[in-house]
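Q: I would like a close look at one part of this model: its strand pairings, and the helix packing that goes with them. Please take me through them at an easy pace.

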Amino acid sequence: MSLKPSFPVELLDEIFYFIRDDAPALRASADVNQNFADIVEKHLYHHVTLGGPEMTAAQLSKILVDSSHIITYIKSLGIYLSRTNSLSFLQGLRTEEEYALIRVLPRLLHLTALSLHANIEPGVPWSDIHSNFKLSFLDCIRSPTLFDVSINCVTGFPLSLLEESLQLKSLSLIGSFSSGGLSKKQGVVMFPHLQSLTIETPPELVEWLDRTNFSQLRSLVIWMLKGTSADFIAGILSNSKSLTYLELHSPHRGESTYRRVSIFFRY
Amino acid sequence: MVPHLQHLYFGVEFFSWDDYGISGGQPLFTHIFSTPIPWISQSLQTLFKLPTILLQSIIIDITVRVIFREILWEPLVDTLQQIDSLKKVELRFKLDRDMPLDYKSRAVGALQSEIHLVRLIETGLLSITMSSS
């Protein structure tokens, strides 16, 4: 009797962990045999992007109906609001895809990371997004097990809504936001666990940062906008004694006309 | 102020644009060039108490969208030399795809012999790399 040579499951699991970001390689690995497919599955669904070419919310919804155990594998979700979606948002129309998104989001109870992106300049207004989706999104970012949130070009997202997400360890805020509803008490916003922060510098966000405490911050990435004084950075630095990494992107960038320079040098 | 800050990264660009106008009835063409180097020096000077900070490495990623010349490196070099704790500075140029093919080698040669940058290169503090996008 001959024994089939095989790797231990734990070793295969470790290997697939390192190719989590390579979906084609994972899918190819899953095709090897059923054993591989079973091990690969949790890595294949670890991060899911909806609204892009990879998968629609309707497709994910169907997958979860057929294989409900996959819900436990989905730890990270990226949602892209595309041009088509945003136009329908603006027109007050709802597509099947949006309804699928509204249905599927509350089911993803094992998320640790959630990002919401608008693929259109100057962004998708938060006020135009379906109220049920907004409620589900807020439930997610307030979940004690969700640690990583990115909000990208969702214009007018109220910063006050983040003040109940004190469990966050990583936060990325790009675009313009709303400072409406913020508490006026100085220093009231505390993110005691936040270790990583990525921001652009619209005035409302600078104002919010000025009264926000990040005592455990390790990594800070700042995309400076034209006309923003760097003075506020000194304020953040003085409150971030744990900071080990700082990344600054100049406000003087050439790729986009609306970001063009206010200061220039002639030779 | 930031007792544990060890690594600092700058993401900046060299770029230019053209401005057109009329002056004294004559058409006026101005080529405007933007360098981020003064901004970096100013940021370092204003954000930190330089002699006391324990910064170990600085990476400066520069996207190059235009042929540059006559950059004043001295203020940046002087500022960097004030940071006693620094062990490594990387100047990483990323050339825009529209740049001439032979520009890369010419630019690296010019930078590595630049009178002020040489001061940092000779001490082993500064490395310069250039890549094409």
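A: Happily; the conventions come first, then the strands, the helices and finally the contact with the other chain.

This is a predicted model, in which local features need pLDDT of at least 70 and side-chain atom pairs count only at pLDDT 80 or more, while totals for chains, interfaces and linings use all residues. Residues are numbered from 1 along each chain as its sequence is written, and chains are lettered from A and ligands numbered from 1 in the order in which they are written.

Let's place the domains. Chain A is assigned a domain 1 of residues 7-44 and a domain 2 made of 46-177 + 189-250; such bounds come from an automatic or database domain assignment. Taken over C-alpha atoms, the centres of domain 1 and domain 2 of chain A are 29 Å apart.

Now for the strands. Helices (H or I, at least four residues) and strands (E, at least two) are DSSP runs, numbered from the N terminus, and two strands count as paired if DSSP finds at least two bridges between them. A good place to begin is β3 (residues 113-118) of chain A, which runs parallel to β5 (residues 148-152) of chain A and is joined to it by 5 bridges. Within that pair, Ala113(A) has Asp148(A) of β5(A) as its bridge partner. β5(A) is in turn joined by 5 bridges to β8 (residues 170-174) of chain A, again in the parallel sense, and here Ser150(A) stands opposite Ser172(A) of β8(A). Moving on from β8(A), 4 bridges link this strand to β11 (residues 196-200) of chain A, and the two run parallel. Ser170(A) finds its bridge partner in Ser196(A) of β11(A). Next comes β13 (residues 219-223) of chain A, which pairs with β11(A) in the parallel sense over 5 bridges; in this pair, Ile199(A) stands opposite Ile222(A) of β13(A). It helps to remember, as you rotate the view, that side chains in a regular strand alternate between the two faces of the sheet.

With the strands traced, let's turn to the helices. Axes are lines fitted to C-alpha atoms, for helices over the stretch in contact, and angles run from 0 to 180 degrees between N-to-C directions. Angles under 35 degrees count as roughly parallel, over 145 as roughly antiparallel, 65 to 115 as roughly perpendicular and the rest as oblique. A crossing is left-handed if the near helix is turned anticlockwise from the far one by less than a right angle, and right-handed if clockwise.

Helix α4 (residues 57-66) of chain A packs on helix α6 (residues 96-104) of chain A at about 45 degrees, with the axes 8 Å apart. α4(A) and α6(A) are therefore oblique to each other, and their crossing is left-handed. Two residues are in contact if their C-beta atoms, placed from the backbone, lie within 7 Å. By that rule, the residues of α4(A) that meet α6(A) include Ala57(A), Leu60(A) and Leu64(A), and those on the α6(A) side include Ala100(A), Leu101(A) and Val104(A). This contact has 7 nonpolar, 1 polar and 3 charged residues, where Ala, Val, Leu, Ile, Met, Phe, Trp, Tyr, Cys and Pro count as nonpolar, Asp, Glu, Lys and Arg as charged, and the others, Gly among them, as polar.

Helix α8 (residues 203-210) of chain A and helix α9 (residues 231-238) of chain A have axes that come within 10 Å and cross at roughly 30 degrees. That makes α8(A) roughly parallel to α9(A), and this crossing too is left-handed. Val206(A), Leu209(A) and Asp210(A) of α8(A) make the contact with Phe232(A), Gly235(A) and Ile236(A) of α9(A); these residues divide into 4 nonpolar, 1 polar and 1 charged.

Finally, the partner chain. Strand β14 (residues 245-249) of chain A pairs in the parallel sense with β1(B) over 5 bridges, and Leu248(A) stands opposite Phe10(B) of that strand. In total, 26 residues of chain B are in contact with 24 residues of chain A. On the chain B side, β1 (7-23), β2 (26-34) and α1 (37-47) each give two or more residues, and β1(B) gives the most, with 8 residues. That side comprises 15 nonpolar, 8 polar and 3 charged residues. Chain B itself has 4 helices and 5 strands.
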